[in-house]
Amino acid sequence: MGRLQGKRAVILGASSAGNMGQHIARRFLAEGASVLVSGRKTAVLEDFAAHNGCAWAACDLTDETSVEALAESAASKLGGIDIALNATGWGLLKPFLDTTHEEVMAMTMLQYVGPFHFFQSMLRRMARSHGGTGGG
């Protein structure tokens with residue numbers, strides 16, 4: 001029996017072949033978790049899920065409505081949520097003085113605002129599943 005037997009995990013950021021999110025998903029599956037992988041590239045997610053025996057759902061972390069839909073889909077497909085993990089990321093590798101306002105805003109949405117909405121949405125479902133209050 002694996003260390004995550006009976007746990008239900010959502011892993012966001014698993015839509016690029018061989019990325020960190022996919023490696024984490026495989027490890028969670030090996031440890032017995034039920035896993036839903038998510039990200040923006042639906043074809044990659046669908047292929048990964050088919051080959052690894054897990055669920056998938058598309059999500060654009062920079063869109064709050066998409067994040068909320070992911071939380072609902074994950075709770076429905078997995079029967080609840082115990083673990084939420086964000087493996088998304090993006091590095092803007094260019095000189096500071098060449099960086100535009102639009103690029104900073106895109107990075108802020110992906111690195112800060114999106115994860116804020118992701119974890120709030122996931123924690124609301126976790127509180128419902130476990131009879132908690134959601135922290136407030």
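Leu45 is buried, its relative accessible area being 0%, and this residue sits in helix H2, which spans residues 42-52. The model described here is a predicted one, and the points below follow three buried residues, Leu45, Ser66 and Arg125, together with the helix pairs H1 with H2 and H3 with H4.

**Leu45 and its surroundings**

- Once neighbours within four places in sequence are set aside, Leu45 is in contact with Ala14, Ser15, Val37, Ser38, Gly39, Trp56, Ala57 and Ala58.
- Between the C-alpha atoms of Leu45 and Thr99 there is a distance of 31 Å in space, while in sequence the two residues are 54 residues apart.

**Helices H1 and H2**

- Helix H1 covers residues 20-30, and its axis comes within 12 Å of the axis of H2, the two crossing at roughly 25°.
- Because angles under 35 degrees count as roughly parallel, H1 and H2 are described as roughly parallel to each other, and their crossing is right-handed.
- On the H1 side the meeting residues are Gln22, Ala25, Arg26 and Leu29, and on the H2 side they are Val44, Phe48 and Asn52.
- By residue class, this contact of H1 with H2 divides into 4 nonpolar, 2 polar and 1 charged.

**Ser66 in helix H3**

- Ser66 belongs to helix H3, which runs over residues 64-78, and with a relative accessibility of 16% it counts as buried, because the cut-off for that class is under 20%.
- A polar atom of the Ser66 side chain lies 2.9 Å from the backbone nitrogen of Asp60, and Asp60 also appears, with Ala58 and Cys59, among the residues in contact with Ser66 when neighbours within four places in sequence are left aside.
- The C-alpha atoms of Ser66 and Ala55 are separated by 17 Å, the two residues being 11 residues apart along the chain.
- Ala58 is in contact with Ser66 and is likewise listed among the contacts of Leu45.

**Helices H3 and H4**

- The axes of H3 and of helix H4, which covers residues 101-130, come within 9 Å and cross at roughly 30°.
- H3 and H4 are therefore roughly parallel to each other, and the crossing that they form is right-handed.
- From H3 the contact is made by Glu64, Val67, Glu68, Leu70, Ala71, Glu72 and Ala75, and from H4 by His117, Phe118, Ser121, Met122, Arg124, Arg125 and Arg128.
- The residues of this contact of H3 with H4 divide into 6 nonpolar, 2 polar and 6 charged.

**Arg125 in helix H4**

- Arg125 is found in helix H4 and, at a relative accessibility of 3%, counts as buried.
- The side chains of Arg125 and Glu72 are joined by a polar contact of 2.7 Å, and both of these residues are among those that make the contact between H3 and H4.
- Not counting residues up to four places away in sequence, Arg125 touches Glu68, Ala71, Glu72, Ala75 and Ile81, and of these Glu68, Ala71, Glu72 and Ala75 are listed on the H3 side of the helix contact.

Definitions and conventions. Residues numbered from 1 in each chain as written. Predicted model: local features only at pLDDT ≥ 70, side-chain atom pairs only at ≥ 80, totals over all residues. Heavy atoms only, no water. Helix = DSSP H or I, 4+ residues; strand = E, 2+ residues; numbered from the N terminus. Buried < 20%, exposed > 50% of the residue type's maximum accessible area, 1.4 Å probe, protein only. Polar contact = N/O pair within 3.5 Å; in protein donor to acceptor, adjacent residues only side chain to side chain. Contact = heavy atoms within 4.5 Å. Axes fitted to C-alpha atoms, helices over the stretch in contact; angles between N-to-C directions. Parallel < 35°, antiparallel > 145°, perpendicular 65-115°, else oblique. Left-handed = near helix turned anticlockwise from the far one by under 90°. Nonpolar A, V, L, I, M, F, W, Y, C, P; charged D, E, K, R; others polar.
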